[in-house]
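Let's take a walk through this structure together, starting with its strands and finishing out on the surface. Keep the 3D view open and follow along.

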Amino acid sequence: MTVDKRFKQAARELAEREGISYTAARRRLMTGASAPASVSVSAPVPVPVPVPAHHTHQGWDEAVVASLSELVAVRGDTVPVRLIRPADSTDSTDATASADPTVPIDTSATALYDAGSWALAEPAADGWVIRELTRLPAAAPAVEKGTRVPVPYRTDDGRVAVAALWPLVWRSAEQPYWRWVHNGWSVERPGDLPEGLAPACPSAELRYEVRVYDVPDGIVGEDHQGRAPLWSTWAWCEDLDRAKEVADAVVAHRLELPARTSRFTREDDCGYVRAQVWRHAEETGVDAGPEPGLAYSVDADPARRLAPQLPPGTWVDGRPESERATPEPIWRSGEKYPPAYELKVFGAEGEGGRGGWRSLAWFTGGRRAAGRAAVQLRVGTGGRYAFAETWGPRFTDAWAQNWTPEGRTVADHHPHMAYTEASARYRAKQQATPGLLATALAARSDGALTEQQAADRLLRGGQAYRDFLTTGAACIADALHHARRDAQGTERLRIREALDALERHEVTEWVVDLTLDHLSTDPDTHLTEEARALRRWALEEYLAPDGDTEDVPGLSDTSENGRHIQA
């Protein structure tokens, strides 16, 4: 028999012997009077603070509230919970889900008969009674709106206060600990948050997990029928310092003001109320070594303010150019949804004390999760970093519902790039194109043209000559896209990089060979002989221009289509 059961038995025997109520007997035992030797009583007992005055119109039983308050004062850490299932006729005390993560959790079909278990919590003199519901609150409202139950809890200074909470509680198969949907508190440990179960580490290179506890704005079952409070993985980082920086930023500011209450107190707080950093083992997989360990934890201030943001359309001066993409970490075998979106930051305090770009964190929630983190880090609004970028997988064939990634690309800029700024950057890129083309033509002319001569040639040839060169570049693009259809893995990525380089008019030797092999198969059978000859001549001019401008479109007026078209 456990100590708790012996205590209850002693209370019942005292009530029968003295002719007093069970609650009174418990109170006498808690104060140390007539306590049996087998029951340990903590002393002295902290005096509970007065019960809130508004409890009278809630129909609360003052004796039950006082008994619960004393129970919290005595036990401190946990409060007994009895679980009653719809099919049970008696209390199922053995089905209690412990808040202690070291105690094995019963995850059988009996204990967790669905993915999300909803219940009503009823206060009792000796703890809480949880009555599971057969249907979700959305299907059958269990209690009237505005109903509150008294929840005694310990304050930071050791006193016992009483919170008024909506009586609905919830747990899931992934996080099998009962919590109040009102503010996310643990039922077994009032005033504190329940534990969360650790996910599998996605990569040995990202060992530090940033985990956040999110309490939705609004109360499930009373204000909305959405999600309940729960732990979720926010980001993965390479080292502890970066993970702590992200965790501190998550709870430092709000993303929006809550609509549920104007009281910024611990009892009514919502949003990201706690952030933790967990250190995972260096190895991943089944034999990954020890369980993750808590390395850092920080709570949000209920009175925290909104994170500052720039007005829409603000042009931010000094935005640096993007660097090359960071290679993705080596993901754990079988990882289905890796944290593929990376937040890169730019500021005066870069790695090694130098300014520049550096990788801060990787996110599972996609570009939106990384964008929220940039706002919380106050990128460009007084925070440590002036600029940031979200990098993610590049889905070049998404238009065809093909989600095969081909490298990585910038998904978002932080602060957000205004339309006027983006247009100016695009125009600058277009204006730089002739210079890139002139440099490339001079490099491939085998000394026949200098860079200045190539630029003069482009200027003299005008649009007709540039269109002629574009036809040659199109031959290369056709060959690369044809090879890309069946390519996989690194080969597909190599082809995509060659296509990107072609936009800068850079062509490597293997691309030239690939193009010539493709043309040898005569893919232009649908074209006329004249058009096919023009394409091959344009390719020759694009890959190896020389000093001869006879009959070249735009450079000579003697022939419209040139010498290679003659029969």
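How many of the six residues of strand β4 (residues 149–154) are buried? Five of them are, so call β4 mostly covered, taking buried to mean under 20% relative accessible area. Keep in mind as you look around that this is a predicted model.

Now look at who β4 sits beside. Its partner is strand β5 (residues 160–165), and the two run antiparallel, joined by six bridges. If you want one pair to click on, take Tyr-153, whose bridge partner in β5 is Ala-161. Between the strands of this hairpin there are five residues, and Gly-158 takes a positive phi near 90° there.

On either side of that glycine in the sequence you'll find a charged pair. Asp-157 and Arg-159 form a salt bridge, with their closest N and O atoms 3.0 Å apart. Asp-157 is exposed, because its relative accessible area is 54%. Arg-159, at 41% relative accessibility, counts as partly exposed.

Next, move along to strand β6 (residues 168–172). Is it buried or exposed? All five of its five residues are buried, so this strand is largely enclosed by the rest of the structure. In a regular strand the side chains alternate between the two faces of the sheet. With β6 you can check each face in turn: Leu-168, Trp-170 and Ser-172 are on one side, Val-169 and Arg-171 are on the other, and both sides are covered.

Which strands does β6 pair with? One is strand β2 (residues 116–124), in the antiparallel sense over five bridges. Gly-116 is a handy marker here, since its bridge partner in β6 is Ser-172. Another is strand β7 (residues 179–180), again antiparallel, over two bridges. A hairpin of six residues joins β6 to β7. Within that pairing, Trp-170 has Arg-179 as its bridge partner, while Val-169 stands opposite Trp-180.

Zoom out a little and these strands fall into a bigger arrangement. They belong to an open sheet of five strands in the order β1-β3-β2-β6-β7, with mixed pairing. β1 (81–84) and β7 stand at the edges with a single partner strand each, so one side of each has no neighbour in the sheet.

Let's get back to charges. Side chains of opposite charge can pair when their charged atoms come close. The model has 35 salt bridges in total. Take Arg-254 and Asp-269, whose closest N and O atoms are 2.8 Å apart. Both residues lie in the loop between α4 (240–252) and β10 (271–279), so the pair ties together parts that are 15 residues apart in sequence. Both Arg-254 and Asp-269 are buried, whereas Asp-157, back in the hairpin, is exposed.

For a salt bridge within a helix, go to α8 (residues 489–503). Glu-491 and Arg-494 both lie there, three residues apart, which is about one turn of the helix. Their side chains meet in a salt bridge at 3.4 Å, N to O. Each counts as partly exposed, Glu-491 because its relative accessible area is 34% and Arg-494 because its value is 37%. Charges can also link up in larger groups: Arg-189, Asp-192, Glu-195, Arg-274 and Asp-299 are joined in a network of salt bridges.

Now for the surface. Leu-257, Phe-264 and Leu-306 form a nonpolar patch there, with about 270 Å² of accessible area together. Leu-306 is in the loop between β11 (293–299) and β12 (341–347), and its 38% relative accessibility is why it counts as partly exposed.

There's a charged patch to find as well. Glu-540, Asp-546, Asp-548 and Glu-550 make up a negative surface patch. Glu-540 is in helix α10 (residues 529–543), and it is partly exposed, with a relative accessible area of 41%.

One last stop: Ser-445, in the loop between α6 (419–444) and α7 (451–484). This serine counts as buried because its relative accessibility is 5%. Its C-alpha atom is 9.2 Å from that of Glu-541, although the two residues are 96 apart along the chain.

Conventions: Residues are numbered from 1 along each chain as its sequence is written. This is a predicted model: local features need pLDDT of at least 70, side-chain atom pairs count only at pLDDT 80 or more; totals for chains, interfaces and linings use all residues. Side-chain values use heavy atoms; hydrogens and water are left out. Patches are made of residues with over 30% relative accessible area and no salt bridge: like charges are joined within 9 Å, nonpolar side chains (Val, Leu, Ile, Met, Phe, Trp, Tyr) within 5 Å. Accessible areas come from the Shrake-Rupley method with a 1.4 Å probe; for residues, only the protein chains shown count as cover. A salt bridge is a side-chain nitrogen of Lys or Arg within 4 Å of a carboxyl oxygen of Asp or Glu. Lys and Arg count as positive and Asp and Glu as negative; His and the chain ends are not counted. The place of a charge is taken as NZ of Lys, CZ of Arg, CG of Asp or CD of Glu. Helices (H or I, at least four residues) and strands (E, at least two) are DSSP runs, numbered from the N terminus. Buried means under 20% relative accessible area, exposed over 50%, partly exposed in between (1.4 Å probe, protein chains only). Two strands pair if DSSP finds at least two bridges between them.
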